[in-house]
2 protein chains.
Amino acid sequence: MFESANLDHRIDKAVYRREEPKLREALLHAQYDLKENGRFPVLILIAGVEGAGKGETVNLLHEWMDPRHIVTHAFSEPSDEERERPAQWRFWRALPPKGKVGIFFGAWHTAPIVQRVLGRIGEAEFTQQIAEIVRLEKMLTDEGVLLLKYWFHLSRPQQKKRLRSLEKDPETRWRVTEQEWEYFRLYKKFVRVCEPFLRRTSTGEAPWIVVPGADPRYRALSFGRHMLAAMRERLDEKPVKRLPDRNPPLLESDKLNVLRALDQQQPLEKPEYQKQLEKWQGRLNLAARDPRFRSMSVVCVFEGNDAAGKGGAIRRVTSALDARSYTNIPVAAPTEEERAQPYLWRFWRHLPRHGRFTFFDRSWYGRVLVERVEGFCSEADWMRAYGEINDFEGALLRHGTVVVKYWLAITKDEQFRRFKTREKTSFKRFKITDEDWRNRKRWDAYELVVCDMIDRTSTALAPWTLVEANNKYHARVKVLKTLCRAVEAALERIASPGKAKKGKK
Amino acid sequence: MFESANLDHRIDKAVYRREEPKLREALLHAQYDLKENGRFPVLILIAGVEGAGKGETVNLLHEWMDPRHIVTHAFSEPSDEERERPAQWRFWRALPPKGKVGIFFGAWHTAPIVQRVLGRIGEAEFTQQIAEIVRLEKMLTDEGVLLLKYWFHLSRPQQKKRLRSLEKDPETRWRVTEQEWEYFRLYKKFVRVCEPFLRRTSTGEAPWIVVPGADPRYRALSFGRHMLAAMRERLDEKPVKRLPDRNPPLLESDKLNVLRALDQQQPLEKPEYQKQLEKWQGRLNLAARDPRFRSMSVVCVFEGNDAAGKGGAIRRVTSALDARSYTNIPVAAPTEEERAQPYLWRFWRHLPRHGRFTFFDRSWYGRVLVERVEGFCSEADWMRAYGEINDFEGALLRHGTVVVKYWLAITKDEQFRRFKTREKTSFKRFKITDEDWRNRKRWDAYELVVCDMIDRTSTALAPWTLVEANNKYHARVKVLKTLCRAVEAALERIASPGKAKKGKK
């Protein structure tokens, strides 16, 4: 990867003075086109060797472009807020929205490289992290992000010269610490790790661009020109019709499916219900106050037919909990800010800290349910969403978050009865709209996509719980009991309150 | 993955009798459209549980469609021919060409699953193999293959019932051996491995389709209908203009690059050349006759400017070798058969067995050289090719094959002199065509793409060797010496002739 960059590239002052103003103007132009057109975000990853001019280049970019529309994030040690959530969370919350330029200084590539160089992870773990990065970046580019990855490079002699000259100048001496020389001594080790890393994370959609860092003028012009060309290419693209979908349809089902196979005749009556409710609410409350609970978190997803009783079930759960320990997120149409981001962004932002619950009343599964049925996204988009969702939940599970997912199912007849009751009862009338009746007409289509969803996203650690919800009492108790057992099992896995271990398998 | 398939799906005889003829006719129709239109191949992977009707389904397909245009391959134990080449080789040589339907019975997914269930590989190795499979399948679909992956499933009670009933019938008793019952006892273990495997190898482009296997009629109709729909969707697609390329250009270079940085003033003169030639040819010959050489193989790639002396260099190498031990593959325009396959196919087919050399006079790098410069493939295609080529060479290296790659470089002036000499010398005239002069006009463009290629495909185990070829003597000796040392180093890594170990890192 570094063959070309190891050469002593150079641009002289006269050329730079002539070229720089042209580049600046064109970049500013591109930035304003991006802002006006607003069709995609630009995400620039800045990485590479110490002393290769990463900081200088970002400063220059702020000088060249309108800094009000550039958002720069430098990722160093994670904050406590960040440590209590899955590793990717800090990057998700910093993503630039459509129309803006975001600069990430040391993003998801830093940790695997440094850990590998220092021998803290083995080759297998390194390979696994590379695969995760490739999937994350594919998801971002599939979602329309213009992802530009720059690696600033110095050869070993160049780096030595650079550190020496910084040391000599009293103005820059502070920048060369023992840490810099320590890394310099590891130069060869870094190259042995970085080189295959760059190659294996260079995909057709998001290749690494190696920028020779020794000569400031060469570095600035070549970085700036590349960035400009990449932005222009995308800005000047004429919107074309999408390629036809190449995905085969999923398997057609007969009339038998996991929903119809549910036994909706559940005998639970009120007196027994109240006893059960009390029992499980008590146990859940106890579990949530366990000292070990302070080093874990819970994400609960409620999906189900319209009028299946999601809200009621959630209330029976939350009434067992301290109000400060949970957040309830009703998911409706995305806000303007959310529409300017990849679809998972609006869920990442609500992930709980340790010791907390988040209840999602509808969720990211909208992508493979309503968006699929209504054609809000293309077949290619919802097909890739199964894998993206499994990756997302995988990140939660690896962090030690408990993930519980419910499908509350009622029969078509039962839904009809409930809709009618809602229409008749004045305080329930707000709950029933024309849209509910419209959705009902597509009952069979929804049934099919729910079954696909269950097949493709039930995992050993985050299975779907199908809840027979014609009997509300039964449904609420099953929801509480399932959640309670999942939390208790997770507590069991935490050895002792003091030594809570994160990231278990 | 198996929630839906675990249900007892069933289709009755009357329905089947009515539906089957319609399906057959439509499938035959689709097959003939495919043959006429010839734009893509269909590759069907058949996998799943013992006794779930995989064989029956494939037989049925042969009955339903025209068996002359279906190529079925069952992969069991690899042959010795296959064992002496990288693991993927057997699949590459069985790929269906455009216009045909290929059926793979137990393809690349079998080994990782079985090895994982039997505990022969750990989770890390399993994950790595999954990542490789995903990359292989992405490459195939990017190359236009319609890849359909069917998993035939039985629930545990269904499988038990099925094996019992096969045993009872004297006609089918032979099919149930101790092996089948052994696998049955491992049912839960298999599910624990297969389930995440199917999920993680289900991508947007090539999802697994789970076929419930218990009821023969349900199985046949649902498999057949899905396959028909998938083929029709692709056949009826209107060819549209490709999406615009979203890849940013690679970094522009100044006039300094790795080729121009070469020192072409090499002093080697004829007497010393002859001494050197003899020395290295002798050493290479000795290495090739080493008993350990019988458990390895060598792939040599020669690329370079027109008239740089590739042919002459290859001849100096091969004259040191036993004529039975090497093959020389001059790469020109692909044949009709080769054009009907993914571009790497024509190179896979020529990989050497153990104890052999293959010399490629031009190679798979044409994809990122001439095809890129001349626009024979799209930007997206050559951008993804770097990763595909690294994967391809990675497979060779993991198998223990030595990969040596040369770029023979001459200066523009030197090329002019050689072209002129060729025109003047009668026996050399066939070597110079109008195309050579045309290519020469694009000298700068070629220089740029060669540098990109070197940066992006030089790896620690398969680096590019840049050969200063203005002095032919120097070039030939450098080529021989590099190859000789690479072979000697590989022999060193093989412990002893008896216990040759494959697949070293």
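Let's start just past the end of helix 6 in chain B, where Gly144(B) takes a positive phi of about 100°. Before we go further, please keep in mind that this is a predicted model.

Now step back into helix 6 of chain B itself. Helix 6 covers residues 123-142, so to speak a run of 20 residues. From its first C-alpha to its last, helix 6 reaches 28 Å, close to the 28 Å expected at 1.5 Å a residue. Which residues of this helix are buried? Going along it, you meet Phe126(B), Thr127(B), Gln129(B), Ile130(B), Ala131(B) and Ile133(B), and then Leu136(B), Glu137(B), Met139(B), Leu140(B) and Thr141(B).

Let's move over to chain A and look at the whole chain. Chain A has 20 helices and ten strands. Its C-alpha atoms fill a box of roughly 85 × 55 × 40 Å, taken along the principal axes. Of the 505 residues in chain A, 56% are buried. If you take the contacts in chain A with a separation of 6 or more, 82% of them join residues 24 or more positions apart. On the outside, chain A exposes about 23300 Å², and carbon and sulfur atoms supply 51% of that area.

Here is one residue to find on your screens: Asp361(A), which lies in strand 8 of chain A, residues 357-361. Asp361(A) is buried, yet it has no salt bridge. How far away is the nearest side chain of opposite charge? That side chain is Lys310(A), and it is 4.9 Å away, while a salt bridge needs the nitrogen and the carboxyl oxygen within 4 Å. Leaving aside residues up to four places away in sequence, Asp361(A) touches Phe302(A), Lys310(A), Ile314(A) and Asn328(A), together with Ile329(A), Pro330(A) and Val331(A).

Last topic: the cysteines. A disulfide is a covalent bond between the sulfur atoms of two cysteines. Counting over all chains, we get zero disulfides. Take Cys300(A), which is in no disulfide: the nearest cysteine sulfur, in Cys484(A), is 11 Å away. Cys300(A) has 0% relative accessibility, so it counts as buried.

Why is Cys451(B) without a bond to Cys377(B)? Cys377(B) holds the closest cysteine sulfur, but the distance is 19 Å, so the two are too far apart for a bond. Cys451(B) also counts as buried, because its relative accessibility is 7%.

That's the tour, and thanks for listening!

Technical notes. Residues are numbered from 1 along each chain as its sequence is written. Chains are lettered from A and ligands numbered from 1 in the order in which they are written. This is a predicted model: local features need pLDDT of at least 70, side-chain atom pairs count only at pLDDT 80 or more; totals for chains, interfaces and linings use all residues. Side-chain values use heavy atoms; hydrogens and water are left out. Helices (H or I, at least four residues) and strands (E, at least two) are DSSP runs, numbered from the N terminus. Buried means under 20% relative accessible area, exposed over 50%, partly exposed in between (1.4 Å probe, protein chains only). Lys and Arg count as positive and Asp and Glu as negative; His and the chain ends are not counted. Contact means heavy atoms within 4.5 Å. The expected span of a helix is 1.5 Å times one less than its number of residues. A disulfide is a pair of cysteine sulfur atoms within 2.5 Å. Accessible areas come from the Shrake-Rupley method with a 1.4 Å probe; for residues, only the protein chains shown count as cover.
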